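Welcome to a short set of exercises. Keep the viewer open, try each task first, and then walk through the solution.

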Amino acid sequence: MPKQQERHSIQAWSLINRKYLGKGVRVKRFRRPTRCQIRNRVLLAVLMANDIKLSQLAEELSISSRSVSAWVYEGRIPGNTNLEKTCRLLGYPRHILFNEDVVRGCPIICQPAPSRFMKRTVTRSPVKNRILAGLCMVHDLSVTDVSHWIGVHPGTFRKWLHQGTVPSQAFQDQAEQFFRIPKSILFADAILAK
């Protein structure tokens, strides 16, 4: 008798699951990686700022999504063909997207306190510095917190993001020290636009 009852409950759960799964499951746009998992923070930052999933990039390049994941999470450098295609598709040169020193070094940034990235930062007005905005998204840092931690007014930091202005050398050094990415990469959008 218990076996029949067990089979009945499995069938009932199967029907319940079909009912809910048939309506679709809400999946987040990007998985929530731990800080130590990301090896190529710049590539992930550009993808997040442009709202491109890893699987979408893989589909555009006609390769497996596992390969693209390896570029981001394991720090692998793609072959020349895929490297050129990726750079052309995302609009950045190789030394920015796949900088071997940044990928190999890959330090954990030192945030003094927890922070939360606010989506309205990106949706309020167009972002000109996609790398800097994407890095805030990758590390889930609010614009206000980052600006205080590097010693600049939040409005000034927002100008860097939304207007693509290049800050003074001193502020570039402070941003480079905080994110631990060379300033030539952090402000590449503004430099390439000139």
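Helices (H or I, at least four residues) and strands (E, at least two) are DSSP runs, numbered from the N terminus. Residues are numbered from 1 along each chain as its sequence is written, and side-chain values use heavy atoms, leaving out hydrogens and water. The model is predicted, with local features needing pLDDT of at least 70 and side-chain atom pairs counting only at pLDDT 80 or more, while totals for chains, interfaces and linings use all residues.

**Exercise 1. Helix H2**

Task: find out which residues of H2 are buried, and look at the residue that follows the helix.

Solution.
- Step 1. Set the scale: buried means under 20% relative accessible area, exposed over 50%, and partly exposed in between, with a 1.4 Å probe and protein chains only.
- Step 2. Go along the helix: Arg-41, Val-42, Leu-43, Leu-44, Ala-45, Val-46, Leu-47 and Met-48 are its buried residues.
- Step 3. Helix H2 covers residues 41-49, and because 8 of its 9 residues are buried, the rest of the structure largely encloses it.
- Step 4. Step past the end of H2 to Asp-51, which has a positive phi near 55°.

**Exercise 2. How H10 meets H12**

Task: describe the crossing of H10 and H12, and name the residues that meet there.

Solution.
- Step 1. Take the axes as lines fitted to C-alpha atoms, for helices over the stretch in contact, with angles running from 0 to 180 degrees between N-to-C directions.
- Step 2. The axes of H10 and H12 come within 9 Å, crossing at roughly 110°.
- Step 3. That makes the two helices, H10 and H12, roughly perpendicular; angles under 35 degrees count as roughly parallel, over 145 as roughly antiparallel, 65 to 115 as roughly perpendicular and the rest as oblique.
- Step 4. Now the residues: Val-146, Trp-149 and Ile-150 of H10 meet Gln-174, Ala-175, Phe-178 and Phe-179 of H12, where contact means heavy atoms within 4.5 Å.
- Step 5. Look just beyond H10 (143-150): Gly-151 sits in the loop between H10 and helix H11 (154-162). Gly-151 is partly exposed because its relative accessibility is 49%. Its C-alpha is 9.3 Å from that of Ala-175, with the two positions 24 residues apart in sequence numbering.

**Exercise 3. Aromatic pairs**

Task: how many aromatic pairs are there, and which parts of the chain does the pair of Trp-149 and Phe-178 link?

Solution.
- Step 1. A pair of aromatic rings is described by the distance of the centres and the angle of the planes.
- Step 2. Apply the rule: rings of Phe, Tyr and Trp (its six-membered ring) pair if their centres lie within 6.5 Å; planes under 30 degrees apart count as stacked, over 60 as edge-to-face and the rest as tilted. The count comes to 6 aromatic pairs.
- Step 3. Trp-149 and Phe-178 make a tilted pair, 5.9 Å centre to centre with 40° between the planes. This pair links distant parts of the chain, Trp-149 in helix H10 and Phe-178 in helix H12 (residues 169-179), 29 residues apart.
- Step 4. Compare the burial of the partners: Trp-149 is partly exposed at 25%, whereas Phe-178 is buried at 8%.
- Step 5. Trp-160 and Phe-171 are also a tilted pair, at 6.1 Å centre to centre and 55° between the planes. Trp-160 is in helix H11 and Phe-171 in helix H12, so the pair ties together parts 11 residues apart in sequence.
- Step 6. Trp-160 is buried, at 2% relative accessibility, while Phe-171 is partly exposed at 28%.
- Step 7. Widen the view: Phe-157, Trp-160, Phe-171 and Phe-187 form one aromatic cluster.

**Exercise 4. Salt bridges**

Task: count the salt bridges, and find which helices hold Asp-189 and Arg-130.

Solution.
- Step 1. Look for a side-chain nitrogen of Lys or Arg within 4 Å of a carboxyl oxygen of Asp or Glu. This gives 7 salt bridges.
- Step 2. One of them joins Arg-76 and Glu-74, with the closest N and O atoms 2.9 Å apart. Arg-76 is partly exposed at 49%, and Glu-74 is partly exposed at 35%.
- Step 3. Asp-189 bridges to Arg-130, with 3.9 Å between the closest N and O atoms. Asp-189 lies in helix H14 (residues 188-193) and Arg-130 in helix H9 (residues 130-138), so the pair ties together parts that are 59 residues apart in sequence.
- Step 4. Asp-189 counts as buried at 11%, whereas Arg-130 is partly exposed at 23%.
- Step 5. Finish with the network: salt bridges that share partners join Arg-94, Glu-100, Asp-101 and Arg-104.
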